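Let's take a walk through a protein model together. Have the sequence and the 3D view open as you read.

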Amino acid sequence: MKARIWLTATVLAALLAPGVARAEGLKGRFSFAFQAGTQSILGGSLMKGAEGSLIGKPVTIESKSYRDVYAPDLRLQGLLGFGIGERTEIIARGTWYEAEGTGLEVGTSDGNPVFAFFEPYEEIGFEVGLRFYISAAGRLKSYVAPVVGARSVSEILVSFSVPDAGSAILNVPFNQKSTVAVFGFDIGFTFDLGTHFFVGVDTGLRYQTAPGQFDELEGLPVIDDSTGQWTAPVVASIGVRF
């Protein structure tokens, strides 16, 4: 909901901006921007399917994706840019994202449903990129940008419950706190509100490598063999150039 408000405000600001505002170029200018929005998970396996034992009983676990467990939530970013040409800009960006985990049915044990409850996911990241502006002369500036970086992702614990059997195992270490590589690209636009201020919308594609695993469950050692994940961030920007 917060992300939708930011995106709506950005579009309205662009549409209602005074038509007399003067566009400025990029070369030799610094840019600072605050960005807020969300992201969608496009692919990646969080829990690997397996057969083994849990709480002393035979169990079958189904594969679950990141998207099954974590819904889109608030993403915040801060960006610094410097124009090295009339249509090129170097950018550096700090990122933060957190998503609440959910409980879901993940398998069966002796014919009884098994549920897993995942802790929240948090990441703090840093990216660098090179923006190539398709159009930079006017107030509306559209661009594409390859980006690379790293993210520190939080440790994830998971609790398993078999309600019909009256048994549970709590706070099992699942994914380690890890630093993972990330790469992808941005596409987006900025719209000059005047000589210095601008708004914009930014989206793209990201792939981040897999976090480390704990292998804590002896009867199910492979279920935490998570893969990397594909995501698509969407953020609205408000910034200043000078």
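Below are some notes on the overall build, the charged pairs and a patch on the surface.

## The big picture

First things first: this is a predicted model. The protein has 242 residues, and 44% of them count as buried. Its secondary structure comes to 16 strands and two helices. If you draw a box along the principal axes, the C-alpha atoms fill roughly 70 × 30 × 20 Å.

How do the contacts run along the sequence? Take the contacts between residues at least 6 apart in sequence: 71% of these join residues at least 24 apart. As for the outside, the protein exposes about 11,200 Å², with carbon and sulfur atoms supplying 63% of that area.

## Charges and how they pair

There are 19 positive and 25 negative charges, and the mean positions of the two groups are 16 Å apart. Side chains of opposite charge can pair when their charged atoms come close. A search of the whole structure turns up 13 salt bridges.

Try finding R75 and E123, whose side chains meet in a salt bridge at 2.5 Å, N to O. R75 sits in strand β6 (residues 75-83) and E123 in strand β10, so this pair ties together parts that are 48 residues apart in sequence. Are these two buried or exposed? Both R75 and E123 are buried.

## More pairs to look for

E89 and R131 make another salt bridge, at 3.8 Å from N to O. This pair links distant parts of the chain, with E89 in strand β7 (residues 88-99) and R131 in strand β10, 42 residues apart. Both E89 and R131 are buried. The two pairs also belong to something bigger than a pair: R75, E89, R93, E123, E127, R131, R151, D186, D202 and R206 are linked in a network of salt bridges.

Now look at K141 and D192, which form a salt bridge with their closest N and O atoms 2.5 Å apart. K141 lies in strand β11 (residues 140-153) and D192 in strand β14, so parts 51 residues apart in sequence are tied together here. K141 counts as buried because its relative accessible area is 0%, and D192 is buried too, at 3%.

## A nonpolar patch outside

Which residues form the nonpolar patch on the surface? They are F132, I134, V144, F185 and I187, with about 420 Å² of accessible area together. Strands β10 (121-135) and β14 (178-192) each supply at least two residues of this patch.

Zoom in on F132, which has its place in strand β10. F132 has a relative accessible area of 38%, so it counts as partly exposed.

Conventions
Residues are numbered from 1 along each chain as its sequence is written. This is a predicted model: local features need pLDDT of at least 70, side-chain atom pairs count only at pLDDT 80 or more; totals for chains, interfaces and linings use all residues. Side-chain values use heavy atoms; hydrogens and water are left out. Patches are made of residues with over 30% relative accessible area and no salt bridge: like charges are joined within 9 Å, nonpolar side chains (Val, Leu, Ile, Met, Phe, Trp, Tyr) within 5 Å. Accessible areas come from the Shrake-Rupley method with a 1.4 Å probe; for residues, only the protein chains shown count as cover. A salt bridge is a side-chain nitrogen of Lys or Arg within 4 Å of a carboxyl oxygen of Asp or Glu. Helices (H or I, at least four residues) and strands (E, at least two) are DSSP runs, numbered from the N terminus. Buried means under 20% relative accessible area, exposed over 50%, partly exposed in between (1.4 Å probe, protein chains only). Contact means heavy atoms within 4.5 Å. Lys and Arg count as positive and Asp and Glu as negative; His and the chain ends are not counted. The place of a charge is taken as NZ of Lys, CZ of Arg, CG of Asp or CD of Glu.
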